[in-house]
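The following report describes the fold of a single chain, beginning with its sheet and moving on to helix packing and backbone geometry. Please keep the model at hand while reading.

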Amino acid sequence: MSKRPEHQAPPELFYNEDEARKYTQNSRIIDIQAQMTERCIELLVLPEDTPCLLLDIGCGSGLSGAVLEENGHLWIGLDISPAMLDVALERETEGDLVLADMGDGLPFKPGSFDGAVSVSALQWLFNADKKSHQPVKRLYKFFSSLYASLSRTARAVFQFYPENENQLELLTSQAMKAGFYGGVVIDYPNSAKAKKFFLVLMTGGSAPLPKALGVDEEDSSLQVKYAKREASKGARGKPLKNTRAWLLEKKERRRKQGKETKPDTKYTGRKRSGRF
């Protein structure tokens, strides 16, 4: 069994010049990358016939960016590997490229993007490649900065390779803590070869998760389990971000600190209509 790339070296070292070129010239990888990106776009549920500005996280040499372009979208790519981005530049990809470690947080203005996609990058955040790396903190920093950089109707979709259920738990809990709704969609859960995991995150409130491919209704229990995390969050003592309970708790803290705080009313925490 081949060793997972993230167990061999930090990403910026693993994807060196040779590896970056091999990766980009491998027709099987190109096909898989294209299929995964198409599925991510499907799960984003973007408005029809509208070019969107999308963030490609772990964009590598721009293989997924090419698919975003084919679908009529603009994109900005972020990756930790200089060698991968060099190949992307050589290939003259249309997207702007940013060299950055997603675990350090994303360097974009609030509300910049209409959506985000990521193919095979998220699992690298479970690594602790440096003494200062704490996966839980890096995950939270990543998700909270991603939440900020998305518009309030946007979704983010990650295709990733979890090693175990603990990683699924950790991902969803940190994403929900950062303000997202959503969960894990597992395509073809009963197939060893075709099984694929997608973390589908929503900014604008809870909505049903998209239906997984290759499943019967009774097969989707794992997805429902992760999707329901936000519903049970309050029961564990910490109210979900931006709910009425969360706002009241925040206002109470401000009062205890002696800060000027508006009085609580029946309108506190009520969602405003988009008409104003």
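Which residue in strand 4 does leucine 55 stand opposite? Leucine 55 stands opposite alanine 116. The model is a predicted one, in which local features need pLDDT of at least 70 and side-chain atom pairs count only at pLDDT 80 or more, while totals for chains, interfaces and linings use all residues. Residues are numbered from 1 along each chain as its sequence is written, and side-chain values use heavy atoms, with hydrogens and water left out.

The chain's secondary structure comes to 10 helices and seven strands, where helices (H or I, at least four residues) and strands (E, at least two) are DSSP runs numbered from the N terminus. Of its 276 residues, 47% count as buried, buried being under 20% relative accessible area, exposed over 50% and partly exposed in between, with a 1.4 Å probe and protein chains only. Among contacts (heavy atoms within 4.5 Å) between residues at least 6 apart in sequence, 65% join residues at least 24 apart.

**The sheet**

Seven strands form an open sheet with mixed pairing, in the order 3-2-1-4-5-7-6; two strands pair if DSSP finds at least two bridges between them. Strand 3 (96-99) and strand 6 (181-187) are the edge strands, each pairing on one side only. Direction ignored, neighbouring strands of this sheet are turned by 15° against each other on average.

Strand 1 takes part in two parallel pairings, which are set out below with one residue pair from each.

| Strand pair | Bridges | Direction | Residue pair |
|---|---|---|---|
| strand 1 and strand 2 | five bridges | parallel | leucine 53 and leucine 74 |
| strand 1 and strand 4 | three bridges | parallel | leucine 55 and alanine 116 |

Strand 1 spans residues 53-57 and strand 4 residues 113-119. Strand 2 is mostly covered, since five of its six residues are buried.

**Helices on the sheet**

Helix 5 (residues 82-90) lies across strand 2 (74-79) and strand 3, running at about 165° to strand 3; such angles run from 0 to 180 degrees between N-to-C directions, and axes are lines fitted to C-alpha atoms, for helices over the stretch in contact. Helix 7 also packs on the sheet, where it touches strand 5 (150-160), strand 6 and strand 7 (196-202), and its direction makes about 150° with that of strand 6.

**Helix 6 against helix 7**

The axes of helix 6 (residues 135-149) and helix 7 (residues 165-177) come within 8 Å and cross at roughly 45°. The two helices are therefore oblique to each other, given that angles under 35 degrees count as roughly parallel, over 145 as roughly antiparallel, 65 to 115 as roughly perpendicular and the rest as oblique. On the helix 6 side the contact is made by Val136, Leu139, Tyr140 and Phe143, and on the helix 7 side by Leu170, Leu171, Gln174, Ala175 and Lys177.

**Positive phi values**

Most residues other than glycine have a negative phi. Aspartate 49, in the loop between helix 3 (27-44) and strand 1, has a positive phi near 50°, and this aspartate is exposed, with a relative accessible area of 79%. Tyrosine 188, found in the loop between strand 6 and strand 7, likewise has a positive phi, of about 45°, although it is not a glycine; tyrosine 188 is partly exposed, with a relative accessible area of 37%.
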